[in-house]
Each structure stands twice: as C-alpha cells, then as structure tokens.
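Me: I should like a close look at one part of this structure, namely a salt bridge and the residues that form it. Please explain it in connected prose suitable for a first-year student.

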Amino acid sequence: MSGESELRGRAARLARLFPAGPRRAARTPFVLLVVLLLGGGLIGLLVLNSALSEGSFKMDDLQKDTKSLTDEEQALQRDIDSYSAPDALQRRARELGMVPGGDPAFLAPDGTVKGVPSPAGMPSARDAPAAVPPPEVIGAGAPAAPAPGDTPTAATPTTDGR
C-alpha cells in the first residue's frame, strides 16, 4: 500500500501543476494571431489595389499612344494613297518630262518580234510641263534651262560647245 500512496502523492503533485477546472486556452495569442492576419490581409489588399491602379494608369496612357499612332498611320496612308493615285502619278511623270509610251512590241522565245512598235508620243504644247532645271543647276545658281521648243541664242550656249 505504500506504493499506492506514493502514486497518489505523485499524481497529486502533477495535478497541482495544471489549473483546476475546465481547460481554457489563453486568449492573448489567439487574439494576436487574428489581429495579425486581418492586418496582413488589409495591407495585402492595399498593395494589390495600388498595383491595379498603377496598371490602369499605364493602360490608359498606352491606349492614348495607340490612338495617336493609329491616327498618324491613317494620315500617312492617305498621303500614300493620294501620291499613288493614277492622276497624281501621271501629273508627276509629266512634271519630270516623261511621255506616254507607244504601242509595245514583244519578243517571243524563238526570237521573233510580235506586234509593231511605235515611238513614244511627244508631249503637246498644253501637256508640256514648264521647264524644271535639274537640282545641280539650281544649286549652282545657273540660269534656268530654256523652255521646250525654244532655239538656243547667242547668250545660251549649246550642248556641243558652240
């Protein structure tokens, strides 16, 4: 029986180490954990909201840039279309002194000529452009070239040096 009393004494001493009554968890660590989780969540939401706002501003700026570049592209395309229109090409070719070509002739693989070629038509007086001196003449400060159909005079040197 002495062994049983010793166990009772030991159990009694261990029982004194634990609080009596129903067990209760300490509230302080739990409350601190909840506050930390809520605070971390709020800070996370704030950072996420700031990042989304920054992305929204960047997207707005990029959309403005895109609209500006699209407008510029459309303006350039209109310019290209106006320069490549047939009447604009014809006008520019006449300004450069080009004339419409005559009837073409074709060379067959066996070496025979198909068709009857004709020379390019000479521009009429109304179609002839005003004499445009080449860039070298303009830069040198020389007088303008004579108009087509003009005959060289004593003041205007000819191409063969006379």
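Reply: Lys64 is exposed in this predicted model, its relative accessible area being 53%. An exposed residue is one with over 50% relative accessible area, and the 53% of Lys64 therefore places it in that class. The partner of Lys64 is Asp60, and the two residues form a salt bridge in which the closest N and O atoms are 3.9 Å apart. A salt bridge requires a side-chain nitrogen of Lys or Arg within 4 Å of a carboxyl oxygen of Asp or Glu, so the separation of 3.9 Å satisfies the cut-off. In general terms, side chains of opposite charge can pair when their charged atoms come close.

The positions of the two residues along the chain help to explain the pairing. Asp60 and Lys64 both belong to helix α2, which covers residues 27–83. Because they are four residues apart in this helix, about one helical turn separates them. Asp60 has a relative accessible area of 35% and is partly exposed, whereas Lys64 is exposed.

Helix α2 also holds another pair of this kind. Asp71 and Lys67 lie four residues apart in the helix, about one turn, and they form a salt bridge with the closest N and O atoms 3.3 Å apart. In this pair Asp71 counts as partly exposed, at 37% relative accessibility, while Lys67 counts as exposed, at 54%.

A further salt bridge is found in helix α3, which spans residues 86–95. Here the side chains of Glu95 and Arg92 meet, with an N to O distance of 3.3 Å. Glu95 and Arg92 are three residues apart, and about one helical turn lies between them. Both partners are partly exposed: Glu95 has a relative accessible area of 39%, and Arg92 has a relative accessibility of 46%.

These pairs may now be placed in the wider structure. The protein holds four salt bridges in total, and one of them is the bridge between Asp60 and Lys64. Its secondary structure consists of four helices and two strands, which follow the order α-α-α-β-β-α from the N terminus. Buried residues account for 2% of the 162 residues. The accessible surface of the protein comes to about 14600 Å², and carbon and sulfur atoms contribute 64% of it. Finally, among contacts between residues at least 6 apart in sequence, 14% join residues at least 24 apart.

How values were computed:
Residues numbered from 1 in each chain as written. Predicted model: local features only at pLDDT ≥ 70, side-chain atom pairs only at ≥ 80, totals over all residues. Heavy atoms only, no water. Buried < 20%, exposed > 50% of the residue type's maximum accessible area, 1.4 Å probe, protein only. Contact = heavy atoms within 4.5 Å. Areas by Shrake-Rupley, 256 points an atom, 1.4 Å probe, with all protein chains shown as cover.
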